[in-house]
Every structure is written in structure tokens, then in C-alpha cells.
Amino acid sequence: MTETLRAAAFLDKGGTGKTTTTAHLGVALSEQGHEVLLIDLAGKQGDLAKHFGVWGQYRDQIDADEAWPNISTVFDDAWDTIAGKLGDDAVADLVIATDEGPDLIPAHPGLDTLDAELGNIDDARERYSRLEQFLDEYVDPLSYDVVLIDLPGMTNNVSYNGLWAARHVITPVEMGPFEAEQANALREDLEKIAENFEVDIDLSLVLPNKVDTRTNLAEEYLESFQSAYPDAIAPAYVPYSQDIRNAAESGETAFAIAEPSTTADRAREAYLEAASALVEQLESETNE
Ligand SMILES: Nc1ncnc2c1ncn2[C@@H]1O[C@H](COP(=O)(O)OP(=O)(O)O)[C@@H](O)[C@H]1O
Ligand SMILES: [Mg+2]
């Protein structure tokens with residue numbers, strides 16, 4: 001792989017599995033031999049870092065005022081000047097390693113006010129392209145194979161930056177009527193962005209999550225998602241798995257579980273298949 005591929009996990013709703021998906025796809029891609037960087041823009045609670053058991057250590061740095069620069073700094077007007085002064089350390093200071101493969105740029109309390117700060121930038125292109133400028137100039141030279149960005153579960157200036165920078169969206173969907181509507185609304189939103197700004201943002205991967213196949217309804221929704229998103233639907237769905245919840249709480253992904261349950265095993269398989277499909281999709285969309 002030559003070019004760094006990018007994708008952002010997004011849906012205008014909390015709790016569908018954006019963070020879980022970002023973490024597990026990240027590890028799946030690492031297991032498949034890719035160098036992966038994960039970026040948490042989803043809020044100061046640091047969920048993505050918690051998935052890898054590294055939030056405690058980072059929060060100590062934050063409390064000691066030592067988490068500078070951080071993810072919110074890269075959106076600053078003065079970032080180029082700051083990075084110029086820090087030299088090679090500028091991005092190295094942002095990134096932490098995890099035990100499961102991917103590198104991570106964790107969230108920071110500075111994300112709290114970032115939406116409002118970006119709102120003060122008059123020019124829309126400038127307002128939405130700060131993250132893209134950072135990735136182009138500072139991250140692409142590091143030669144990661146894939147950068148995955150976890151976004152807030154709402155449409156705001158921060159999530160727009162993620163969509164704008166990634167141009168490719170991963171959407172975890174739960175099986176239900178409301179969720180089907182939400183996915184449709186997302187597709188319409190992406191088309192609107194394309195019209196307004198002349199940037200194409202592809203829905204690259206729709207990943208059914210928390211699927212309980214004991215119910216006929218789940219099967220029906222699976223089928224309707226398959227026909228609604230024939231190009232983007234993941235090759236396998238992620239089942240509901242208590243192991244995923246428990247793993248998250250003990251600071252790891254389902255890939256780190258020594259004796260996985262049947263559902264955890266199926267989830268791992270699904271993430272691996274989804275990761276392969278994602279790379280294929282990103283490569284074809286990037287070369288269009
Ligand atoms: N496949 C799954 N099986 C069981 N629990 C899951 C699964 N996917 C996500 N969860 C749980 O659902 C909750 C919300 O997931 P999360 O990834 O934080 O959603 P989001 O980032 O979209 O808000 C978390 O407690 C997470 O552990
Ligand atoms: Mg989240």
C-alpha cells in the first residue's frame with residue numbers, strides 16, 4: 001500500500017457502536033499487517049483510549065497539564081507555528097502506542113470548545129478543512145496504511161472536519177426501523193455536503209452491529225440493509241456480544257480475549273471480514 005487510506009466512523013446518533021467499530025476495525029487491520037492510526041474526535045470522555053486501557057495514563061498527563069500538544073491543538077490557527085517550533089516531536093507527542101497494534105491520538109478536554117471555536121471561522125472551507133490540512137501535512141508523511149477517525153454522534157463542525165478529511169464513512173447500524181431511517185438520513189446528508197462543497201464523501205462501509213439473529217425481525221432488517229446499500233454493506237454482521245461490553249470495560253477489544261465466547265468469536269470474524277472489505281472499498285474509491 002502506498003497512499004494512506006482514511007475513513008471516519010459516523011452516524012448522527014450515539015450508542016450504535018461507532019467507537020467499538022473504530023477500535024475493532026483498527027485491531028483487525030493491524031492483524032492483517034497494516035500500520036494503523038486511530039484518532040478520537042468523539043469527545044473528552046476518551047472512549048477510544050479506554051478501549052485500549054490507555055486512558056488512565058493519558059488522563060494523568062492531562063491533569064498534570066502535560067498533554068500538550070493534543071488533538072484539539074492541531075485545529076488551532078497557530079498549529080503550524082507550534083509544529084514548527086516542536087519540529088519532529090510535534091506529531092510524535094500526540095500519538096500513543098497500544099498493546100493491540102494500532103497507534104492512537106486520544107481525545108482531550110479541548111474538544112469541548114472546539115465546535116464553537118471552529119464556528120468562529122467565517123470561511124466554510126477553512127472551517128471544515130482544518131483536520132484535512134493536519135492529516136495531509138503532518139500525518140501522511142508518517143506512512144500509516146490506514147487512518148480511522150472516531151466522530152461525535154452528532155452533526156457539528158468537528159464531525160464535518162472528520163468527514164471532510166476522510167471522505168469515506170463507516171456506519172455501524174443497529175437493526176431497527178429508526179436505524180434504517182438514520183442511515184438514509186446520513187446518505188442524504190452526505191449528498192448535500194457533496195452538492196454544497198463539491199467534495200465527494202462515500203458511504204464506504206455499513207456494518208450491522210449488535211445483531212440478535214434469534215429474532216426474525218433482525219433477519220428482515222439485515223436483508224433490507226443489504227438491498228439498500230449493496231456496495232457498502234459489510235460481508236458479515238457483528239452479533240450482540242456481552243464479551244464486547246466486558247472487554248471494553250477492562251480496557252481491551254474482543255481480539256484480546258483469551259477464551260472468547262461463540263459470539264465474541266463471530267464478532268472477531270466479522271470485523272476481520274469487514275476490515276478486508278473496507279480496504280478494498282477505500283482503494284477502489286481512492287483510485288476513481
Ligand atoms: N456488538 C456489540 N455487542 C454488545 N455490546 C456492544 C456491541 N457493540 C457496541 N456495544 C456496546 O454498546 C455501547 C455503545 O457502543 P459505542 O461503540 O460506545 O457507541 P457509539 O460510539 O456509537 O456511541 C457500549 O457499551 C458498547 O460496549
Ligand atoms: Mg463513541
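Visitor: How much of the stretch 12–201 is helix and how much is strand?
Guide: In this predicted model, residues 12–201 are 50% helix and 11% strand, with the end C-alpha atoms 15 Å apart.

Visitor: What makes 12–201 a stretch to pick out?
Guide: UniProt does, in an unreviewed entry: its record puts the feature "domain: AAA" there. Such annotations may be inferred rather than shown by experiment.

Visitor: Why is the largest space, at about 580 Å³, called a pocket and not a cavity?
Guide: A cavity holds points where the probe fits but cannot get out, whereas a pocket is an open set. The space of about 580 Å³ is listed as a pocket, so it counts as open.

Visitor: What makes G15 a lining residue there?
Guide: Lining residues need an atom within 4 Å of a point. G15 is among the 27 that line this pocket, and with G17, T19, T20 and H51 it is closest to the centre.

Visitor: Which helix gives the most to that lining?
Guide: That's α12, with 4 residues; α1 (18–31), α2 (47–51) and α12 (242–249) each supply at least two.

Visitor: Why does G17 count as polar?
Guide: Gly is put with the polar class, so G17 belongs to the polar group of this lining. The split is 8 nonpolar, 11 polar and 8 charged.

Visitor: And what about the second largest pocket?
Guide: Its volume is about 300 Å³. Of its 16 lining residues, E3, A166, R167, H168 and T286 are closest to the centre. By class, the lining has 3 nonpolar, 3 polar and 10 charged residues. Glu and Arg count as charged, so E3 and R167 are among the charged ones.

Conventions
Residues numbered from 1 in each chain as written. Chains lettered and ligands numbered in written order. Predicted model: local features only at pLDDT ≥ 70, side-chain atom pairs only at ≥ 80, totals over all residues. Heavy atoms only, no water. 1 Å grid on protein atoms, 1.4 Å probe; cavity = no way out; pocket = protein on both sides within 12 Å on 5 of 7 lines; lining within 4 Å. Points joined across faces, edges and corners; volume = space filled by probe spheres on them.
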